Amino acid sequence: MKNPHNIENIISELYAIEPELREHDSKIREIITAMLAGKPQADINPTFVENLKVKLLEKADQILPTNHSMKFFNPIQKAFAVPALAGLTLITIATIGVTSFLNTSSSPSKNLSGITMLGSNAFGPLNADIREAGKGGGAGLQLGMGGGGNAVATAPAIAPLADDAEDTKLSIWPGPFQYEYVYKGETFTLTDSKVPVLRRIKSITSPNSTSILGPINNFFNLSALSNIQTQNINLIENRDFGYMVYVDYIEGTVSFNANWQKWPHPEQECRDEACYARYRLNISDVPSDAEVIALADSFLVAYGIKTDNMNKGMIRNEWRTAYDSTPDKNNFYVPEVISVVYPQIVNNEIIYDEAGFTTGITVNVNIRHKKVDGTWGIATQNYESSEYDAETNVEKLLALVGQGGYPQPIYEQEIKKIQVELGTPEKILMKTYRWNGITNEELLSPALRFPVTKKPEGQPYFQDSVTIPLVQDLLNQRYGVGGPMIMYSSDMKIATPPSTT
Amino acid sequence: METTIDHNQLVLAAQNGDKQAFAKLYDIFAKRIYQYFAYRLNNRDIAEDLTSQTFIKSLEKIANYNTRKGNFSSWIYTIARNTLIDHVRADHHIHDLEEIWNLSSPTNLNTEIEHRIEREKILQILSKLPTNTKDIVMMRVWDELSYQEIATLTGKSESACKMTFSRALTTLKNNLPLPLLIFFLSQTYEKST
């Protein structure tokens with residue numbers, strides 16, 4: 001039968017118009033089915049499609065207006081020039097701290113305009129300030145269950161608690177256990193004792209503040225300020241389903257978020273459980289991956305956000321892992337948004353975060369409205385490069401990988417071990433953050449990514465890989481002596497993690 | 001899944017000079033517009049020619065398209081429909097879209113004899129309907145257009161289009177000869193196996 005979905009749509013619409021036709025359901029179905037069966041086969045010739053597209057694009061050069069250009073950040077200016085944003089209202093030019101913004105705007109991206117080569121160790125020790133290094137936002141495991149942005153620190157050795165699960169088998173705390181990562185891949189060697197580390201150059205030339213702030217002269221004497229710079233601006237689209245655009249000139253980043261005042265929220269009017277239940281999303285509400293990606297693609301095209309240095313969009317479906325392993329699927333929280341990640345590519349290598357997930361431009365698609373409600377990771381693409389000492393001792397690296405990429409606490413008594421198997425690694429560029437006392441620097445450095453080839457059975461396990469940096473400074477930062485002790489319970493004694501040196 | 005707002009976002013980008021946005025619209029609608037012609041004319045070459053004309057016209061006119069006044073789908077189908085009418089008038093000296101139904105193209109789109117027979121049979125069924133009704137049935141069943149889009153194309157109200165469609169089904173229900181129905185069902189069965 002052709003397109004059963006279409007048949008059902010047609011029939012349900014028909015019965016809404018003339019309910020009495022429902023009495024003749026079988027015959028109505030037969031007629032519509034017959035009509036669809038008689039639909040001519042009219043497959044379009046792909047060569048014709050391509051040729052016409054080329055012709056149209058050539059003609060578009062003559063007909064469509066020339067793109068507006070921006071010397072540093074072309075796509076964003078283009079988006080601003082779009083008539084849809086004509087109603088943009090300048091809300092604020094704030095001087096808030098830039099680090100808070102990093103939580104929702106964490107990835108460098110597109111328009112790689114150049115890499116400046118510097119001498120060795122030009123950025124100083126890379127393992128500076130371990131305490132702050134994890135606050136950058138991109139290092140953790142994003143579950144894609146409600147907006148993203150805020151990362152959860154990866155703690156591979158912590159067993160998942162199952163207090164909320166209704167299944168009695170899962171409701172009992174199983175006691176402490178550790179994952180034991182067993183390497184099952186091929187033997188390999190590492191020969192480079194020096195590797196390049198890239199640091200993103202962040203700032204964008206800010207606009208002339210005086211011209212933007214003209215109206216403020218009514219409140220105080222703007223000219224009394226000296227050496228004024230614009231740190232960030234916040235723009236909104238004053239229309240239904242409009243966006244709020246945040247431009248951070250210091251960080252060199254841009255993010256889009258829904259202008260929530262202009263988005264409908266009928267569920268917020270609910271005052272009883274039945275109402276909440278009515279607006280609750282079901283698994284059947286989740287569009288196919290292809291549909292979600294198509295929505296994200298359209299958004300990027302519409303707002304002129306280039307993806308030249310990005311791979312194709314990929315769905316972040318970690319929530320499905322939790323869904324698949326949940327016995328009580330009826331009460332599972334289906335996320336309001338699904339993230340599509342367009343992995344960044346630098347020097348022909350895909351960028352991963354420390355948890356082994358690709359990172360780049362992230363587009364959140366709102367499932368309820370079937371619209372994009374947020375995008376971040378749009379950033380400057382200039383880098384400085386400097387060589388640093390790299391680890392070449394494979395045995396040492398594999399020993400560290402056996403802990404899951406992060407130091408595990410060592411218990412005095414024997415505890416349960418659950419095996420995770422890893423395969424042959426690939427060399428990647430890994431994004432890390434370093435706190436320099438003022439802001440988080442974004443670094444791209446070579447690392448090994450070991451794919452998880454066999455996950456533990458009978459429990460949710462979200463990691464697809466274990467990554468380990470090759471730069472010695474970053475290795476020492478991760479495994480260095482004197483790191484914070486992790487306490488699971490007051491009666492549990494924990495020993496110091498082993499040194500890497 | 002594309003939505004009206006997404007199409008309009010692409011239109012806005014195209015109006016601002018982003019030709020890739022127009023290319024994306026083309027990717028979304030090329031097959032649908034081609035099929036719109038192919039279903040009605042049953043001739044591949046002419047369908048391709050009219051598809052080209054439709055998209056070139058849409059490119060030339062996109063600057064004037066107002067995203068607040070409608071949706072892109074209705075707009076481009078309107079261009080297609082007018083292009084079809086122009087073609088038929090020029091080639092056959094006819095002045096009414098109704099007469100398109102009476103044309104018999106010598107160069108069929110479908111080479112398979114069975115499918116030609118099938119199409120002729122379905123045209124027999126549809127011939128029992130008034131032309132405007134037939135057009136609405138085709139747009140809804142074959143082109144998979146929404147009633148809103150059909151209303152824009154035909155200049156009728158959405159509720160009138162719905163009523164026309166339901167009346168058409170009632171007519172067919174009462175008049176469809178059983179042997180013909182069995183024939184179509186057998187065709188459907190063969191396709192699904």
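# How the terms are earned

Modeller: Helix α3(A) passes helix α2(B) in a right-handed crossing, and I should say at once that this is a predicted model.

Biologist: At what angle do α3(A) and α2(B) pack, and how far apart are their axes?

Modeller: Helix α3 of chain A, residues 46–63, packs against α2(B) at an angle of about 150°, and the two axes are 10 Å apart. Angles over 145 degrees count as roughly antiparallel, so α3(A) is roughly antiparallel to α2(B).

Biologist: Which residues of α3(A) and α2(B) meet?

Modeller: From α3(A) come Val49(A), Lys53(A), Leu56(A), Leu57(A), Ala60(A) and Asp61(A), and they meet Lys19(B), Phe22(B), Ala23(B), Tyr26(B) and Ala30(B) of α2(B). Sorted by kind, the residues of this contact are 8 nonpolar, no polar and 3 charged.

Biologist: Why are α2(B) and α3(B) called oblique to each other?

Modeller: Helix α2 of chain B covers residues 19–41 and helix α3 of chain B covers residues 44–61, and their axes, which come within 9 Å, cross at roughly 140°. Roughly antiparallel needs an angle over 145, and roughly perpendicular runs from 65 to 115. An angle of roughly 140° fits neither class, and α2(B) and α3(B) are therefore oblique. Their crossing is right-handed.

Biologist: Which residues make the contact between α2(B) and α3(B)?

Modeller: On the α2(B) side they include Phe22(B), Tyr26(B) and Ala30(B), and on the α3(B) side they include Leu50(B), Phe55(B) and Leu59(B). The residues of this contact divide into 13 nonpolar, 2 polar and 2 charged.

Biologist: What makes β5(A) and β6(A) count as paired strands?

Modeller: At least two bridges are needed for a pair, and 5 bridges join β5(A), residues 232–236, to β6(A), residues 243–248, so the condition is met. The two strands run antiparallel, and Asn232(A), for example, has Asp248(A) as its bridge partner in β6(A). Together β5(A) and β6(A) form a hairpin, with 6 residues between them.

Biologist: Where does Phe241(A) lie, and what sign does its phi have?

Modeller: Phe241(A) is in the turn of that hairpin and has a positive phi of about 55°, although Phe241(A) is not a glycine.

Biologist: How do you know whether Phe241(A) is buried, exposed or partly exposed?

Modeller: A buried residue has 20 or more other C-beta atoms within 10 Å of its own, and an exposed one has 12 or fewer. Phe241(A) has 16, which lies between these limits, and is therefore partly exposed.

Biologist: Why is Asn347(A) called partly exposed?

Modeller: Asn347(A) has 13 C-beta neighbours inside 10 Å, and because exposed means 12 or fewer while buried means 20 or more, that value falls in between and Asn347(A) counts as partly exposed. Asn347(A) sits in the loop between β10 (345–346) and β11 (349–352) of chain A, and its phi, near 50°, is positive in a residue other than glycine.

Biologist: What can be said of the surroundings of Cys270(A)?

Modeller: Cys270(A) has 14 other C-beta atoms within 10 Å, and so is partly exposed. Its place is in the loop between β7 (253–258) and α8 (273–279) of chain A. Leaving aside neighbours within four places in sequence, Cys270(A) is in contact with Cys275(A), Tyr276(A) and Tyr279(A).

Biologist: How many helices and strands does chain A have, and what percentage of its residues is buried?

Modeller: Chain A has 12 helices and 20 strands, and buried residues make up 35% of its 501 residues.

Notes
Residues numbered from 1 in each chain as written. Chains lettered and ligands numbered in written order. Predicted model: local features only at pLDDT ≥ 70, side-chain atom pairs only at ≥ 80, totals over all residues. Axes fitted to C-alpha atoms, helices over the stretch in contact; angles between N-to-C directions. Helix = DSSP H or I, 4+ residues; strand = E, 2+ residues; numbered from the N terminus. Parallel < 35°, antiparallel > 145°, perpendicular 65-115°, else oblique. Left-handed = near helix turned anticlockwise from the far one by under 90°. Contact = placed C-beta atoms within 7 Å. Nonpolar A, V, L, I, M, F, W, Y, C, P; charged D, E, K, R; others polar.
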